[in-house]
Amino acid sequence: MKISFAEPKQPSRGLAVFLVGGDGALGAHAKAIDKATEGAVKRAIDAANFTGKKGESVSVLAPHGRENLNIVIVGTGAAQDLDTIRAQEVGAAIYKAVAATSAKSATVMVEAARGAKVRGAGLAAALAGGARLRCYRYDKYLTKRDGGGSAPDRLQFMVKGAAAARRAYNDFEPVADGVDFARDLVSEPSNVKSPKWMATQCRKLTKLGVKVEVLGEAQMKKLGMNALLAVGQGSVRESQLVVMRWNGGGKDAKTVSLIGKGVTFDTGGISIKPSGGMEDMIWDMGGAGTVIGAMHAIAGRKAKANVIGVVGLVENMPDGNAQRPGDIVTSMSGQTIEVINTDAEGRLVLADAFWFTQKKYKPDVMIDFATLTGAIMVALGREYAGLYASDDSLAERIVASGNAVGEKIWRMPLDEAYDKQINTPRADMKNVGPRWAGSITAAQFLKRFTNDVPWAHLDIAGVAWSDKELPVMAKGASGFAVRAMDQFVRDYYEG
Ligand code: BES
Ligand code: ZN
Ligand code: MN
């Protein structure tokens, strides 16, 4: 979708969107158009009982005085609540209201009631950003499009200080590109999305200035990454490890490492999953999607920071060569793992990815993303991601970064008492704990591979995909934490 900004002038044709706040009072633009249409706007608002709630909309078609113009009025909610996040949500509502008409393009008259936290250029950029996030759709495999043809492809935002709005939006656009890239990866069906296919997608980041290296099974074998390799050994598709490096920060800058679980399909392996809902396991590479999307965003806007992305890409399949429950594998760290359940595979992948990242790159901080456990969905549902951290200030920064962009993250506990639950007499640890606290024991397992590097783990099993529409996102892959990680790098690792 093409987004542009222009200095305001009253629209006379096409589709124009006007904003009205939660008090229902018309702003200057809305008042002017109401006057030009002999009160049609006010009449429509009254007739529809429009109250200006966020996202509410009402339309006025071809009114007297402006016969070539269709008007849509969109509510912004109470002015005092209108911050960047809410403004993005209003932007998404504008996109939907325009899409509901058959217009291919629309002009948005940007204005906020007194007391709004974002106004003018900042408001215009946030509205545009929300519309941009909301316009994403995954239609790659649709051969016919019914109704889809009405999706708008141009929005123009009229605002005083259009140039400043453009600059602010330019700063956001690479972030949306990163979110969309993650959503494309997560949405791809697993017959196409092999580990090698994923590696090929990572290589596309080269054109943004990211250095991309891909390790195959032979190289991983040499490095002793037997835990990761064990997960992929039942698949005919070769496992891959991809390293993406963005060096925008110079020599003395700290290094942030982002590590992702990239299980391109999780059947459970020999501990096979029930078939109902198994198709959801196409998004078991959501953690890798987040990392790749975040690298795309960070490099796309040329962040002044050093960031490394590492993704472990495997397919978890049952076959004659698959690993068995009861197998004991020696991880790259030297620690041995008894594989009780082959469906607890993500932690095996991350264990070796963690060790590789530390050994090779000595990062100052390690943050991983994984659709790791169903248990985190039992705890937090589909609203919050679960966060585990060995470092309090790191945890606080991640939660704050999420809050700043509207991605909800809730910290969960780590404790010696949980750690003990993955001990086993046969090896240094086993890959599952007892029945309860499954998301926590999974995190404790990961912690055993972090040494003393400040580390945080986001279990995104509940949030990487949404079955319902979200405020700024269509259903489906969410690209969760791409925006939070971009914000995290902005706020704590640049300048
Ligand atoms: N990929 C799954 C977790 C998952 C479940 C993600 C539902 C998204 C939606 C993970 O590999 C898994 O199978 N975890 C097991 C662990 C168990 C065997 C200890 C689980 O959560 O049941
Ligand atoms: Zn999995
Ligand atoms: Mn699994």
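This is a short tour of two stops, ligand 1 and Pro-454, in a predicted model.

Before you click: residues count from 1 along each chain as written, with chains lettered from A and ligands numbered from 1 in written order. Local features need pLDDT of at least 70, side-chain atom pairs need 80 or more, totals for chains, interfaces and linings use all residues, and side-chain values use heavy atoms, leaving out hydrogens and water.

**Stop 1: ligand 1**

Select ligand 1 and show what is around it: 17 residues, each with a heavy atom within 4 Å of the ligand. The closest are Lys-273, Asp-284, Asp-343, Glu-345 and Gly-374.

Now pick out some polar contacts (pairs of N or O atoms within 3.5 Å). The backbone of Gly-374 puts a polar atom 2.7 Å from a ligand 1 oxygen. For Asp-266, go to the side chain, where a polar atom sits 2.9 Å from an oxygen of ligand 1. Lys-261 also uses its side chain, with an N or O atom 3.2 Å from a ligand oxygen. Taken alone, ligand 1 exposes 520 Å², and the protein buries 78% of that (Shrake-Rupley areas, 1.4 Å probe).

**Stop 2: Pro-454**

Next, jump to Pro-454, in the loop between α14 (438–447) and β17 (455–459); helices are DSSP runs of H or I of at least four residues, strands E runs of at least two, numbered from the N terminus. Pro-454 counts as partly exposed because its relative accessibility is 27%, and that class lies between buried (under 20%) and exposed (over 50%), using a 1.4 Å probe and protein chains only.

Which residues does Pro-454 touch, beyond those up to four places away in sequence? Select Asp-364, Val-365, Met-366, Ser-390, Asp-391 and Leu-394; contact here means heavy atoms within 4.5 Å. Finally, draw a C-alpha distance from Pro-454 to Asp-392: 9.2 Å, for two residues 62 apart along the chain.

Terms used. Polar contact = N/O pair within 3.5 Å; in protein donor to acceptor, adjacent residues only side chain to side chain.
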